[in-house]
Amino acid sequence: MKKLLLAIYFSIFLYGNPEIDWFVQHNGSSEESHGHYIMTCQDGGFLQIGESNFLPNSKIYIVKTDSNGQMNWSREIYNGGHNLGNSAIELEDGYLIVGALNRNSALIKLDKQTGSTIFSQTFNNGGTDAFEHAVRTPNGIVAVGYVNAQDSNNTFYTEGQGYIMFLDENANEISSMNLNSLISQAYRVQYVNDELIISGLSEEAFDFKLIKMTLDGDVLWHQSYGGNDYDHCFGMDIGNDGSIFLAGHTLSGTQNWDT
């Protein structure tokens, strides 16, 4: 009976029609606006980050809304033609936008109330490079991403080299490491129990990749997960019991990309 109820529940969950409370659109100034990352803010509202227009003529586009999706403020940020808004984290006194400006990795801190720029730091880490995600630690900020992208106009997998940077509270670089021997594009990083968990894609994007590292940059272990074809890891979360959840899409065992 339990199995039957579970099957019914998952059928409803997967195939049922969800009830929509509200639906709101927000557009940038260019041809198309597309979000890459959304998070719930401490005030109950939402922050969405992405771009308006397409690479290589894109602008970082940021929208801050209230809990009903009504806009509080929005920003477009750009320098040159190649700009990426990949993710964000909330700090006590601002939002840290993670991405790239003019083909260089960038961290931009914005005021929570107005969206005005508190600071903007860019780093020429090698070739076309970008930060994908960042996390706050007791030592400051840790950002991960890629350098030396071969497919620089691809916003999913750039065929680059994994990279990590350790920074202070004001996003000044302390140290950095090329992670290409372990990961070719680092997508997510989390700070748990005084250690870093980093996820992303292996070389040629054949497997999900997972790394545990100390705050001093020492690799404790690394693992690969995947099937007989391409497996792209784009998301990660960590449960209260320390379990690690990885999400993305795959061509292993299917003729089309499946979740």
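This briefing covers the overall build of the protein, one strand with its neighbours, and a few unusual backbone sites. The model is predicted. The protein has one helix and 18 strands. Its radius of gyration is 19 Å, close to the 18 Å from the globule rule for 259 residues, so the protein is as compact as a globular protein of that length.

**Overall build**

- The C-alpha atoms fill a box of roughly 60 × 45 × 35 Å along the principal axes.
- Of the 259 residues, 46% are buried.
- Take the contacts between residues at least 6 apart in sequence: 42% of them join residues at least 24 apart.

**Surface and charge**

- The exposed area of the protein is about 13400 Å². Carbon and sulfur atoms supply 46% of that area.
- The protein carries 12 positive and 31 negative charges. The mean positions of the two sets are 5 Å apart.

**Strand β3**

- Strand β3 spans residues 59–65 and is mostly covered. Seven of its seven residues are buried.
- In a regular strand, side chains alternate between the two faces of the sheet.
- In β3, K59, Y61, V63 and T65 point one way. I60, I62 and K64 point the other way. Residues on both sides are buried, the lysines K59 and K64 included.

**Partners of β3**

- Strand β2 (residues 46–52) runs antiparallel to β3, and seven bridges join the two. Within this pairing, G50 stands opposite Y61 of β3.
- Strand β4 (residues 71–77) also runs antiparallel to β3, with six bridges between them. Here I60 has I77 of β4 as its bridge partner.

**The two hairpins**

- The hairpin of β2 and β3 has six residues between its strands. Among them, N53 takes a positive phi near 70 degrees.
- P56 also lies in the loop between β2 and β3. The peptide bond joining L55 and P56 is cis, with omega about 10 degrees.
- The hairpin of β3 and β4 has five residues between its strands. In this hairpin, G69 has a positive phi near 80 degrees.

**V63 in context**

- V63 is found in strand β3. Its relative accessible area is 5%, under the 20% cut-off, so V63 counts as buried.
- Leaving out residues up to four places away in sequence, V63 touches H26, F46, L47, Q48, M71, W73 and S74.
- V63 and N180 are 117 residues apart in sequence. Their C-alpha atoms are 33 Å apart in space.

**Backbone sites in other loops**

- Most residues other than glycine have a negative phi, and most peptide bonds are trans.
- N148 has a positive phi, near 50 degrees. N148 sits in the loop between β10 (140–147) and β11 (161–167). Its relative accessibility is 34%, between the 20% and 50% cut-offs, so N148 counts as partly exposed.
- D194 has a positive phi, near 65 degrees. D194 lies in the loop between β13 (185–192) and β14 (195–201). D194 is exposed because its relative accessible area of 54% is over 50%.

Note on methods: Residues numbered from 1 in each chain as written. Heavy atoms only, no water. Helix = DSSP H or I, 4+ residues; strand = E, 2+ residues; numbered from the N terminus. Rg over C-alpha atoms; globule rule 2.2 N^0.38 Å. Buried < 20%, exposed > 50% of the residue type's maximum accessible area, 1.4 Å probe, protein only. Contact = heavy atoms within 4.5 Å. Areas by Shrake-Rupley, 256 points an atom, 1.4 Å probe, with all protein chains shown as cover. Lys, Arg positive; Asp, Glu negative; His and termini not counted. Charge placed at Lys NZ, Arg CZ, Asp CG, Glu CD. Pairing = 2+ DSSP bridges.
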